[in-house]
Amino acid sequence: MLTPIPSPVLPTFKMLRLPMLAQKCVCQQLPLEEMDPCALIRQTHLSTKLNNFLRLGKLEMETLRYKFSEYFNGLVILPFEGPAVMWPLFNSDIKSMDTIAQHVQGFMKFETIELQVRIKTDLTDLWSTPRKFDSIIFEEQTPKNGVLNSIEISSEDLIQILENVESEDTHLDVKVTEPFEYQPPKTQLKHRKLSIVNPNWLSYEHFLDLNVLSLTLKIERDAAQKVNTILKKWIFGERRDLQHLIIDTDTTLAYSLETVLEGIEATKSYEGDPPLLKHNAFLEIQRPQDNLKASVNFTSEKVNMVVWHTDL
């Protein structure tokens, strides 16, 4: 009778008992991207040693998203490949959910961190520590009767978002639930790009008081007069550091240039004529006190202004 040849027994060792330098060398060789993120999150909660070990290598991930919507509230972890990991919010306990988010950032490196709010949500517990996001979106996802409504928000949450949160790109389609008018601070806000939609909490006369480099405003009524006011505020002294301004309207502004440009000296920023090309007008405006120039493109329902900073 033939005796089967025994399979070779591979040597094993206690990886987490290795010296720190050896652990780092091993961790850098492990195929972390092939591991189940859910299993890693669970195991690192149970083992401080494993948590510290994985911090040496940092698992590369695409996105960590705080998501509040009609269909899901919680954390979404998006790897570069494979399915998303959904970590639901239990009993509206945002603090516990945030603890998980801070935990996974210890051993996962995210390309982007996002905050998406699609429904009315009390976010008070989210502001207990300083925040930094790559993207913030407050916008209803599912239209009601074909119309997207602004998300209701408290004045406290709005102030926290605008003044105490840092973001590369912020979009706010929100309505403050109580009578409130926001007074922008003189200091620069921590948002590189800020977009707001029909705000009931900010007068359009104070739009340029929002001290960010790139501004987008969506307005619906009396657009030509409001655009005229905003452009005049920039021309006659406000916001020299502004780099980019976009105003979305419900009016074809190229047909209302007399109102838009009332009291404003503008020259065409191209050779030839006419100044109106179908639904477009290309003009140049200048601030008299420092000669700073801006090119303004009036298209169908949009103003796009680029400021030419020669000192940047």
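Trainee: Leaving aside its neighbours within four places in sequence, which residues is Arg239 in contact with?
Mentor: Good place to start, and do keep in mind that this is a predicted model. A contact requires heavy atoms within 4.5 Å. With neighbours within four places in sequence left aside, the residues in contact with Arg239 are Leu208, Leu210, Asn211, Val212, Leu213, Leu215, Trp234 and Arg287.

Trainee: Does Arg239 count as buried or exposed?
Mentor: Let's place the residue before judging it. Arg239 belongs to the loop between helix H6 (223–235) and strand S11 (244–248). The cut-off for buried is under 20% relative accessible area. Arg239 has 10% relative accessibility, so the verdict is buried.

Trainee: Which residue has its backbone oxygen 2.6 Å from a polar atom of the Arg239 side chain?
Mentor: Let's take the side-chain partner before the backbone one. The side chain of Arg239 makes a polar contact with that of Asp241, at 3.0 Å. The backbone oxygen found 2.6 Å from a polar atom of the Arg239 side chain belongs to Val212.

Trainee: Which residues lining the largest pocket are the closest to its centre?
Mentor: The volume of the largest pocket is about 480 Å³. Of the 21 residues in its lining, the closest to the centre are Val197, Asn198, Pro199, Lys218 and Glu220.

Trainee: Which elements give two or more residues to that lining?
Mentor: By residue type, the lining of the largest pocket divides into 9 nonpolar, 5 polar and 7 charged residues. As for secondary structure, the elements that give two or more residues are strand S8 (174–176) and strand S10 (214–218).

Trainee: How many residues apart in sequence are Tyr66 and Phe133, the pair that links distant parts of the chain?
Mentor: The structure holds 2 aromatic pairs. Tyr66 and Phe133 form an edge-to-face pair, 5.6 Å centre to centre with 85 degrees between the planes. Tyr66 is in strand S1 (residues 59–68) and Phe133 in strand S5 (residues 131–138), and their separation is 67 residues.

Trainee: What are the relative accessible areas of Tyr66 and Phe133?
Mentor: Being buried takes a value under 20%. Both rings pass that test: Tyr66 is buried at 1%, and Phe133 is buried at 3%.

Trainee: What kind of pair do the rings of Tyr182 and Trp201 form?
Mentor: Tyr182 lies in the loop between S8 and strand S9 (191–197) and Trp201 in the loop between S9 and S10, so the pair ties together parts 19 residues apart in sequence. Both residues, Tyr182 and Trp201, are buried. Planes over 60 degrees apart count as edge-to-face. The ring centres of Tyr182 and Trp201 are 6.1 Å apart and the planes meet at 75 degrees, so this pair is edge-to-face.

Trainee: Which residue's backbone nitrogen does the side chain of Glu140 reach at 3.0 Å?
Mentor: Glu140 lies in the loop between S5 and strand S6 (151–153). Glu140 is buried, with a relative accessible area of 11%. At 3.0 Å, its side chain reaches the backbone nitrogen of Asn149.

Trainee: How far apart in space are Asn149 and Lys175, C-alpha to C-alpha?
Mentor: Asn149 is found in the loop between S5 and S6. Its relative accessible area is 35%, which means Asn149 is partly exposed. In sequence Asn149 and Lys175 are 26 residues apart, while their C-alpha to C-alpha distance is 8.9 Å.

Trainee: To finish, what share of the 312 residues in the protein is buried?
Mentor: The protein contains 7 helices and 16 strands. Among contacts with a separation of 6 or more, 57% join residues 24 or more positions apart. Of the 312 residues, the buried share is 42%.

Key. Residues are numbered from 1 along each chain as its sequence is written. This is a predicted model: local features need pLDDT of at least 70, side-chain atom pairs count only at pLDDT 80 or more; totals for chains, interfaces and linings use all residues. Side-chain values use heavy atoms; hydrogens and water are left out. Helices (H or I, at least four residues) and strands (E, at least two) are DSSP runs, numbered from the N terminus. Buried means under 20% relative accessible area, exposed over 50%, partly exposed in between (1.4 Å probe, protein chains only). A polar contact is a pair of N or O atoms within 3.5 Å; within protein, one must be able to donate a hydrogen and the other to accept it, and residues adjacent in sequence count only if both atoms are side-chain atoms. On a 1 Å grid over the protein atoms alone, a cavity is a set of points where a 1.4 Å probe fits but cannot get out, and a pocket is an open set with protein on both sides within 12 Å along at least five of seven lines; lining residues have an atom within 4 Å of a point. Grid points are joined across faces, edges and corners, and a volume is the space filled by probe spheres set on the points. Ala, Val, Leu, Ile, Met, Phe, Trp, Tyr, Cys and Pro count as nonpolar, Asp, Glu, Lys and Arg as charged, and the others, Gly among them, as polar. Rings of Phe, Tyr and Trp (its six-membered ring) pair if their centres lie within 6.5 Å; planes under 30 degrees apart count as stacked, over 60 as edge-to-face and the rest as tilted.
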